[in-house]
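Trainee: Please take a close look at one part of this structure. Pick a region, place it in the whole, and walk me through its contacts.

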Amino acid sequence: MKVLAVYSIKGGVGKTSSAVNLAFIAARAGYRTLVWDLDPQAASSYYFRIKPKHKGSSKQLIAGDGELENLIKATDFENLDLLPSDFAFRNLDLLLDSKKKPTRQLKKHLKPLAESYDFIFLDCPPNISLLSEAIFAAADVLLSPVIPTTLSLRTLEQLQAFMTAHELEKLTVLPFFSMVDRRKKMHKDMMRHLLDTAPNTLTTVIPYSSEIERMGLERKPLGAYSKTSPSAMAYNELWQEILARISISG
């Protein structure tokens, strides 16, 4: 089982759409796949038209009541399950802080799922917090979407500095370009700069696209309603590149 956290300090960079689409592609390829929606905005849960079995149930899980597998719900797509979020997740930091070894809590809850899933995608809220540290401890890989702008690249630098300061260099971070407009010179220049300075950066580019924005209207992954669009093809290529990197890194 590989745990892939789709994470960025900055919001609005295509994090949730990437988590949903990559998970859908993995499941379509036959991998047993789970998305854990950790964001209190519950965007992944919204895309899959799924609500928690009980309000606040995932919050109770972190508090120590129940098992993760009891909260998982099937999506409309084969091999793809979801652990939905709700607004109670806004208090996860407080719950984690009340536990012994708080940064190990997510990893502890995920461990029993190793026989059930090949890939678990964590759709993460955009911040640096105790929950973030628990995500870093649980993940095998951080997939970090980056819009090629100054502020987005700055947050990637902040993430890298945080990981160095907390001795997390062993965690693989794979930045990738999201919401790209190739007509903009700044986007092209920023992509060139990051590829030159951050060798782990994936080369596949996810474009800024109205087809991706339609996910909110369709409430399903991109590949379920627009299989041959350039954006869908870009996500397919991105997944293949991720698989190759994971294989290389062991």
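Mentor: What follows sets the scene with the whole chain and the sheet, then turns to helix α8.

This is a predicted model, where local features need pLDDT of at least 70, side-chain atom pairs count only at pLDDT 80 or more, and totals for chains, interfaces and linings use all residues. Residues are numbered from 1 along each chain as its sequence is written, and side-chain values use heavy atoms, leaving out hydrogens and water.

Confidence comes before detail. The protein chain averages a pLDDT of 89, and 89% of its residues score at least 70; pLDDT is the predictor's confidence in each residue, from 0 to 100. Helix α1 (residues 15-28) has the highest mean of the elements, at 98. Helix α3 (residues 57-63) has the lowest, at 60. Where pLDDT is low, the predicted coordinates should not be read in detail.

Now the overall build. The protein chain has 11 helices and eight strands (DSSP runs numbered from the N terminus: H or I of at least four residues for helices, E of at least two for strands). Of its 250 residues, 54% count as buried (under 20% relative accessible area; exposed is over 50%, partly exposed lies in between; 1.4 Å probe, protein chains only). Take the contacts in the chain with a separation of 6 or more: 78% of them join residues 24 or more positions apart (contact means heavy atoms within 4.5 Å).

Next, the sheet. Eight strands form an open sheet with mixed pairing, in the order β3-β4-β2-β5-β1-β6-β7-β8 (strands pair if DSSP finds at least two bridges between them). β3 (73-74) and β8 (205-207) are the edge strands; each has a single partner, so one side of each has no neighbour in the sheet. Look also at β1 (residues 2-6) and β5 (residues 119-123). These two pair in the parallel sense over five bridges. There V3 sits opposite I120 in β5.

Helices lie against the sheet. Helix α7 (residues 150-165) crosses β6 (141-146) and β7 (172-180), at about 155° to β6 (axes are lines fitted to C-alpha atoms, for helices over the stretch in contact; angles run from 0 to 180 degrees between N-to-C directions). Helix α8 packs on the sheet too, touching β6, β7 and β8. Its direction makes about 170° with that of β7.

Now zoom in on α8 itself. The structure holds eight salt bridges (a side-chain nitrogen of Lys or Arg within 4 Å of a carboxyl oxygen of Asp or Glu). D189 takes part in a bridge to K185, 2.7 Å from N to O. Why can these two meet? K185 and D189 are four residues apart in helix α8 (residues 185-197), so about one helical turn separates them. D189 also bridges to R192, with the closest N and O atoms 3.0 Å apart. D189 and R192 are three residues apart in α8, so about one helical turn lies between them as well.

Check the surroundings of these side chains. K185 is exposed, at 59% relative accessibility. R192 is partly exposed at 47%. D189 is also partly exposed, at 30%.

Another bridge is worth setting beside these. R214 and E218 meet at 2.5 Å, N to O. R214 is partly exposed at 29%, and E218 is partly exposed at 23%. Elsewhere, K15, D39 and D123 are joined into one network by salt bridges that share partners.
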